[in-house]
Amino acid sequence: MCLATVYKDNDDSVIFKNVSRINVDGNQLVLRDIMGDERVVEGTILMVDLANSIVKVKCD
């Protein structure tokens with residue numbers, strides 16, 4: 001299982017941990033963790049590092 005931590009690109013602060021799914025809806029990212037909790041963030045995905053389970057997001 002590949003779980004990710006999502007970070008803001010500008011300051012590397014954590015947005016959400018244990019993310020199992022990311023849905024993109026226009027400029028909104030819907031992040032879902034392994035427990036089914038969701039968080040909606042406005043922004044774009046800049047980088048995904050699958051080997052290290054890191055996602056960097058540019059927040060609007």
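**Strands, contacts and charges**

Not counting residues up to four places away in sequence, V14 touches T5, V6 and Y7, where contact means heavy atoms within 4.5 Å. The structure is a predicted model, in which local features need pLDDT of at least 70 and side-chain atom pairs count only at pLDDT 80 or more, while totals for chains, interfaces and linings use all residues. Residues are numbered from 1 along each chain as its sequence is written, and side-chain values use heavy atoms, with hydrogens and water left out.

V14 belongs to strand β2; helices (H or I, at least four residues) and strands (E, at least two) are DSSP runs, numbered from the N terminus. With a relative accessibility of 43%, V14 counts as partly exposed, since buried means under 20% relative accessible area, exposed over 50%, and partly exposed in between (1.4 Å probe, protein chains only). Its partner T5 is placed in strand β1 and is buried, at 16% relative accessibility. Leaving aside neighbours within four places in sequence, T5 is in contact with V14, F16 and K17, and also with S53, I54 and V55. V14 and V55 both appear in that list of contacts; from C-alpha to C-alpha, these two valines are 10.0 Å apart in space and 41 residues apart in sequence.

What, then, of the charged side chains? Side chains of opposite charge can pair when their charged atoms come close. The structure holds two salt bridges, a salt bridge being a side-chain nitrogen of Lys or Arg within 4 Å of a carboxyl oxygen of Asp or Glu. One joins the side chains of K56 and D12, at 2.6 Å from N to O. K56 lies in strand β5 (residues 54–59) and D12 in the loop between β1 (4–8) and β2 (14–25), so this pair ties together parts that are 44 residues apart in sequence. The two partners are covered as follows: K56 is buried, at 17% relative accessible area, whereas D12 is partly exposed, at 42%. The other bridge is formed by E38 and R32, whose closest N and O atoms are 2.8 Å apart. E38 is partly exposed, with 45% relative accessibility, and R32 is also partly exposed, with 28%.

Which charged residue is buried yet has no salt bridge? That residue is D33, and the nearest side chain of opposite charge, R39, is 7.2 Å away; here Lys and Arg count as positive and Asp and Glu as negative, while His and the chain ends are not counted. D33 is located in strand β3 (residues 28–33). The side chain of D33 does reach the backbone nitrogen of M35, at 3.0 Å. This is a polar contact: a pair of N or O atoms within 3.5 Å, of which, within protein, one must be able to donate a hydrogen and the other to accept it, with residues adjacent in sequence counted only if both atoms are side-chain atoms. Beyond four places in sequence, D33 touches F16, K17, N18, V19 and S20.

N18, one of these contacts of D33, also draws attention through its backbone. Most residues other than glycine have a negative phi. N18, however, has a positive phi of about 55° although it is not a glycine. This residue is in strand β2 and is partly exposed, at 40% relative accessibility. D12, the salt-bridge partner of K56, likewise has a positive phi, near 60°.

Strand β4 (residues 38–49) contains V48, and V40 is placed in β4 as well. V40 is partly exposed, with a relative accessible area of 49%. Not counting residues up to four places away in sequence, V40 touches Q28, L29 and V30. V40 and N27 are 13 residues apart in sequence, and their C-alpha atoms are 10 Å apart in space.

V48 is partly exposed too, at 46% relative accessible area. Together with V24, I45 and L50, V48 forms a nonpolar patch on the surface, with about 370 Å² of accessible area in total. Patches are made of residues with over 30% relative accessible area and no salt bridge, like charges being joined within 9 Å and nonpolar side chains (Val, Leu, Ile, Met, Phe, Trp, Tyr) within 5 Å. Accessible areas come from the Shrake-Rupley method with a 1.4 Å probe, and for residues only the protein chains shown count as cover.
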